[in-house]
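Let's take a walk through this structure together. Have the sequence and the 3D view handy, and follow along.

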There are 2 protein chains.
Amino acid sequence: MEALQLSRGAVGALRIGSKDRTDLSSYTPAKASPGSNVLGVVKRVRCSSSGSGSGVQTVRATERRGAVIDGKSIAGQIRKEIAAEVANLKESFGKVPGLAVVLVGTRKDSETYVRSKKKACEEVGFASFGVTLPEDSTQEDVLNHVKQFNDDPAVHGILVQLPLPKHINEEAVLGAVSYEKDVDGFHPINVGTLCMQGRKPLFVSCTPRGCIELLVRSGVQMKGKRAVVIGRSNIVGTPAAQLLQRQNATVTVVHSATPNPAEIVREADIVIAAVGKAEMVRGDWLKPGAVVIDVGINAVDDPSTKKGYRLVGDVNYAEASEVASMITPVPGGVGPMTIAMLLSNTLDAAKRSFGVES
Amino acid sequence: MEALQLSRGAVGALRIGSKDRTDLSSYTPAKASPGSNVLGVVKRVRCSSSGSGSGVQTVRATERRGAVIDGKSIAGQIRKEIAAEVANLKESFGKVPGLAVVLVGTRKDSETYVRSKKKACEEVGFASFGVTLPEDSTQEDVLNHVKQFNDDPAVHGILVQLPLPKHINEEAVLGAVSYEKDVDGFHPINVGTLCMQGRKPLFVSCTPRGCIELLVRSGVQMKGKRAVVIGRSNIVGTPAAQLLQRQNATVTVVHSATPNPAEIVREADIVIAAVGKAEMVRGDWLKPGAVVIDVGINAVDDPSTKKGYRLVGDVNYAEASEVASMITPVPGGVGPMTIAMLLSNTLDAAKRSFGVES
């Protein structure tokens with residue numbers, strides 16, 4: 001393994017996706033024997049600003065850290081690419097992609113999510129549609145609105161904000177969204193075709209699609225690598241495993257009934273953690289040089305902060321970044337990719353509707 | 001590990017599913033360290049008849065072999081159970097389950113398969129429908145017949161015999177089968193709901209369902225075990241992996257882009273081989289005590305046989321049976337289960353149509 005060579009004056013961390021993005025197109029996770037402590041080809045160096053008064057930072061080469069996969073920056077780049085495509089479509093067809101959001105009730109978190117989705121739509125030039133229905137709406141009310149959006153040619157994507165109030169059957173409502181407008185990728189037809197060789201789903205669930213996009217844009221080769229997905233949810237874990245397998249990784253799914261998750265995660269070149277348990281994945285769960293995508297966003301009490309809590313992932317970042325070759329932070333990793341992929345799915349739907357190849 | 005204790009006079013092999021079926025309800029694959037040669041709790045003893053003239057067989061205790069999972073016998077049992085249910089349905093409703101088979105062209109192997117499916121239907125008391133269309137039928141012809149069967153209330157299951165002639169779009173024809181009559185489990189909605197927690201597919205593809213049924217009926221606990229599926233086909237590998245995960249196994253799918261299949265298979269307590277390569281899985285690929293389900297049916301040249309070939313699985317049976325705690329033979333293992341599951345799927349469809357709970 002090559003030694004870390006950095007002269008005094010090297011500044012900051014490598015941030016993949018940032019302006020200083022490093023060319024990682026030939027990146028391959030390091031093949032290291034378990035227990036060794038060799039990192040991959042991309043390394044992040046923790047810098048201390050206490051070295052001198054000149055702004056030149058002291059590099060402590062013993063503190064090797066994984067490169068940060070900067071989801072915020074990559075998502076920003078994708079949104080720029082989408083905005084440019086929207087401008088082209090508008091010029092060519094006089095039409096823009098349209099996204100409709102159905103919100104039932106007044107949950108504060110749902111309102112916040114919906115607002116940020118609408119804002120994101122507007123920023124890239126999409127038409128934004130939406131309906132907010134009262135908490136006590138009947139299932140039929142909700143279904144009627146879904147059907148209206150199904151029939152509206154200006155709407156290319158429909159999103160039903162979850163969770164729905166308990167008296168409404170989520171399965172029935174999600175199943176009513178036309179699979180051709182199912183930008184969340186939740187329809188069984190889109191789930192099914194994702195799992196089928198030789199078939200291509202119209203949409204893939206946004207968060208797992210975002211995970212793979214981060215890996216692709218960070219130059220991580222998946223073919224022939226061992227990947228472990230922690231969590232088997234419909235929204236993240238299961239489709240993430242399918243997507244990794246489509247990239248020709250050999251995939252294992254670890255879940256609540258797995259008695260020895262650490263042992264299995266340690267076999268992985270690529271780890272996607274989507275389990276919703278704060279900092280469950282410790283540094284010693286990781287094979288040195290592994291690439292880590294952390295989907296979790298968990299609030300943990302922290303009286304030292306203004307809000308009284310802070311957000312952490314499913315991975316213990318401090319420990320993992322000492323072992324991984326690349327890692328996503330929380331927040332600022334997978335999170336921003338979800339909305340970017342929602343926009344991308346909606347753009348794809350519009351292009352299909354306009355007869356433009358994706 | 002307990003020593004093998006068998007007195008002179010012990011005869012024959014344990015055959016799970018046969019009349020001598022052993023109670024394996026508490027069976028758990030042996031936890032053995034790699035490289036050791038300890039078998040699980042169920043053992044088969046190879047007997048030699050050369051011991052004496054009295055018919056008492058000499059047991060050579062050094063030759064430990066995995067118990068045979070007798071698919072033929074288990075499938076026979078299932079068919080008996082189905083026949084009994086059909087008789088009940090006929091008495092209660094005056095109706096029986098109906099299976100329709102669509103065959104296009106004159107491929108000898110397809111004709112043989114269709115004949116045996118019809119025969120199996122008749123044996124359990126199903127109504128058997130079918131149409132044989134000429135090789136040069138148009139896609140529209142085929143679709144029309146599928147639609148007729150979709151609309152026929154006496155038909156509860158529809159099976160399109162594959163492969164179709166090349167000028168016919170398989171995806172279009174399979175997609176035209178109502179997912180409520182899709183007894184092959186190939187419709188994207190059934191594939192999708194199989195992958196979704198909290199959802200239940202109407203049908204699961206027959207061969208992988210047969211694999212799991214063999215494991216269940218042999219008392220193999222899957223929860224918390226490591227399972228490896230070799231092969232990721234739509235028809236076997238992918239649904240088999242989903243089914244194992246539904247049983248709470250931790251599943252890894254090995255495929256053509258996996259560089260080190262032997263190493264990964266060796267981690268498994270349960271192996272399902274569905275790759276279509278004669279005897280690819282060698283004895284030293286297996287963890288001692290593993291349970292092996294061999295889906296492969298491959299013809300290999302054998303001038304010593306009348307036909308000039310013999311059928312072998314994806315697993316080298318002679319080697320594997322020395323290491324595995326249980327193993328399916330080829331033929332007589334998974335093969336007979338496929339038609340049994342087709343009958344079971346059709347029975348389920350009929351019961352749903354009659355309003356009877358499965």
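A good place to start is a pair of facing residues: A:Val102 stands opposite A:Val160, which belongs to strand S7 of chain A. Keep in mind that this is a predicted model. Val102's side of the pairing is strand S5, residues 98-104 of chain A, and S5 and S7 run parallel, joined over 4 bridges.

Now zoom out a little. These strands are part of an open sheet of 3 strands in chain A, in the order S6-S5-S7, with parallel pairing. S6 (127-133) and S7 (157-160) sit at the edges with a single partner strand each, so one side of each has no neighbour in the sheet. On average, neighbouring strands here are turned by 15° against each other, ignoring direction.

What does the record say about this part of the chain? An unreviewed UniProt entry annotates residues 69-184 of chain A as "domain: Tetrahydrofolate dehydrogenase/cyclohydrolase catalytic". That stretch is 52% helix and 16% strand, and its end C-alpha atoms are 24 Å apart.

Next, look at the aromatic rings. Over all chains, there are 2 aromatic pairs. In one of them, B:Phe93 and B:Phe354 have ring centres 5.3 Å apart and planes at 35°, so the pair is tilted. B:Phe93 is in helix H1 (residues 71-93) of chain B and B:Phe354 in helix H10 (residues 335-354) of chain B, so the pair ties together parts 261 residues apart in sequence. Buried or exposed? B:Phe354 is buried, at 10% relative accessible area, while B:Phe93 is partly exposed, at 37%.

Finally, find the charges over rings. The charged end of A:Arg352 sits over the ring of A:Phe203, 4.9 Å from its centre. In chain B, B:Arg352 lies over the face of B:Phe203, 4.8 Å from the ring centre.

Definitions and conventions
Residues are numbered from 1 along each chain as its sequence is written. Chains are lettered from A and ligands numbered from 1 in the order in which they are written. This is a predicted model: local features need pLDDT of at least 70, side-chain atom pairs count only at pLDDT 80 or more; totals for chains, interfaces and linings use all residues. Side-chain values use heavy atoms; hydrogens and water are left out. Two strands pair if DSSP finds at least two bridges between them. Helices (H or I, at least four residues) and strands (E, at least two) are DSSP runs, numbered from the N terminus. Axes are lines fitted to C-alpha atoms, for helices over the stretch in contact, and angles run from 0 to 180 degrees between N-to-C directions. UniProt positions are given in the numbering used here, feature names are shortened, and annotations may be inferred rather than shown by experiment. Rings of Phe, Tyr and Trp (its six-membered ring) pair if their centres lie within 6.5 Å; planes under 30 degrees apart count as stacked, over 60 as edge-to-face and the rest as tilted. Buried means under 20% relative accessible area, exposed over 50%, partly exposed in between (1.4 Å probe, protein chains only). A charge sits over a ring if NZ of Lys or CZ of Arg is within 6 Å of the ring centre and within 35 degrees of the ring normal.
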